[in-house]
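Biologist: I would like a close look at a single part of this model, the surroundings of the bound ligand, taken slowly and with the loops considered afterwards. Please walk me through it in one connected answer.

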Amino acid sequence: MKFSFLKWLSSDIAIDLGTANTLIYVRGEGIVVNEPSIVARSTINNKIIAVGDDAKEMMGRTHPNIEVVRPMKDGVIANFEMTDAMLQGFIKKINISRFARPRIVICVPSGITEVEKRAVKESGERANARVIYLIEEPVAAAVGIGIDISKPVGNMIVDIGGGTTEIAIIALNGVVTKESLRIAGDEMNEAIIQYFRKEHNLLIGERMAEQIKLNIGSATKVEDKTMSVKGRNFVVGIPRTIDVSSEQIRECLRETVDVMISGIKRTLENTPPELSSDILDRGIILTGGGALLKGLDERIRLETELPVHVAEEPLLSVAMGTGKVLEDVEKYREILM
Ligand code: ADP
Ligand code: MG
């Protein structure tokens with residue numbers, strides 16, 4: 001790579017700190033890191049062993065001297081220390097100069113508390129940031145999707161991530177109504193794990209559960225598929241394979257999907273009438289990895305009788321939006337927290 005003095009000095013970065021995936025956007029370059037929000041640490045000396053993809057490989061396969069955690073899984077920031085370690089690990093990956101004082105824009109879930117906000121900021125400061133801006137997830141998603149949020153027109157964004165579902169109505173550079181649900185993709189995986197436990201005495205891991213959801217999961221009847229699932233039967237204690245149908249998995253996911261739909265309906269009920277009429281015209285926009293669940297858009301369309309659109313690249317919207325803000329902080333100053 002060509003040595004660039006300018007890059008060496010500035011390297012401003014935007015971070016989508018997601019409960020499932022962390023993405024880093026470097027100014028002028030685009031997205032350079034896109035890895036799971038996972039960290040592996042030695043329990044002997046507390047040293048970080050791996051972050052992201054490498055840590056995911058270790059999940060469920062460790063010995064007592066290594067712990068692998070998803071520090072944001074059970075809440076916005078369930079584990080401050082590990083979230084910080086993870087963020088430092090990711091920033092190290094992009095190799096910015098030790099002398100650089102970057103500007104950092106960090107996108108955080110909108111349900112974040114003041115204490116959590118402060119922790120994220122401090123984490124950025126430890127990464128030598130010159131200045132740190134925070135931006136709310138649905139706002140960043142809207143910018144990433146390419147919506148002009150400065151207009152007096154309402155847009156409804158539903159961002160379904162791993163740990164949280166963020167539902168927001170945005171207009172004039174601000175959030176008019178919002179709801180942050182602590183149920184999303186992880187909850188679906190958990191429902192699948194419980195199903196195999198209860199119905200088949202089979203223990204399966206989180207990664208297997210996610211694979212099942214991605215392969216044959218859906219929110220409405222879209223196709224009939226089956227999948228062979230490997231796990232450990234806890235009655236006889238040995239590995240077993242069970243065939244499962246898309247219909248059975250749809251049943252597992254029903255409850256989570258219903259909670260999301262209730263949240264969407266509640267937000268619609270709390271929306272001022274002028275904005276409601278905008279949403280009637282423009283529809284609901286789904287983003288975040290959960291938006292990729294088959295048939296989810298269809299199901300929401302049926303329940304709300306509104307147009308529903310899935311963002312073009314749901315897993316990238318927030319990072320792209322946070323990146324756009326980083327490229328022109330002045331223009332977006334109003335939406336920064
Ligand atoms: P976060 O912003 O919380 O990090 P993401 O937007 O990265 O979350 O989305 C991650 C979630 O999306 C995970 O729960 C993952 O299982 C889910 N997901 C990703 N792809 C799909 C898919 N094709 N179908 C259903 N869920 C998906
Ligand atoms: Mg996200």
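Modeller: This is a predicted model, and I will begin with the contacts to the ligand. A polar side-chain atom of N21 lies 2.7 Å from an oxygen atom of ligand 1, while T19 places a polar side-chain atom 2.6 Å from an oxygen atom of that ligand, and for E210 the corresponding distance, again from a polar side-chain atom to a ligand oxygen, is 2.4 Å. With these contacts in view, the protein covers 90% of the 580 Å² of accessible area that ligand 1 has on its own.

These three residues belong to a wider shell, for 18 residues surround ligand 1, and the closest of them are T19, A20, N21, E210 and K213. By residue class the shell divides into five nonpolar, nine polar and four charged residues. Turning to secondary structure, α6, which runs over 185-200, and α7, which runs over 206-216, each supply at least two residues of the shell, and α7 gives the most, with three residues. As for the site itself, ligand 1 sits in the largest pocket.

From α7 one can follow the chain onward to T220, which is found in the loop between α7 and β13 (226-233). T220 counts as buried because its relative accessibility is 13%, and buried here means under 20%. A polar atom of the T220 side chain lies 3.5 Å from the backbone oxygen of G295.

Two other loops deserve a careful look for their backbone angles. N128 lies in the loop between α4 (114-126) and β8 (131-136), and although N128 is not a glycine, it has a positive phi of about 75°. Its relative accessibility is 29%, so N128 counts as partly exposed. L172, placed in the loop between β10 (165-171) and β11 (174-181), likewise has a positive phi, of about 45°, without being a glycine. L172 counts as exposed because its relative accessibility is 52%, and the cut-off for that class is over 50%.

To return to the site you asked about, the picture is of ligand 1 in the largest pocket, with T19, A20, N21, E210 and K213 as the closest residues of its surroundings and with α7 as the element that gives the most to the shell.

Definitions and conventions: Residues numbered from 1 in each chain as written. Chains lettered and ligands numbered in written order. Predicted model: local features only at pLDDT ≥ 70, side-chain atom pairs only at ≥ 80, totals over all residues. Heavy atoms only, no water. Near = heavy atom within 4 Å. Polar contact = N/O pair within 3.5 Å; in protein donor to acceptor, adjacent residues only side chain to side chain. Areas by Shrake-Rupley, 256 points an atom, 1.4 Å probe, with all protein chains shown as cover. 1 Å grid on protein atoms, 1.4 Å probe; cavity = no way out; pocket = protein on both sides within 12 Å on 5 of 7 lines; lining within 4 Å. Sits in = over half its atoms within 2 Å of the grid points. Helix = DSSP H or I, 4+ residues; strand = E, 2+ residues; numbered from the N terminus. Nonpolar A, V, L, I, M, F, W, Y, C, P; charged D, E, K, R; others polar. Buried < 20%, exposed > 50% of the residue type's maximum accessible area, 1.4 Å probe, protein only.
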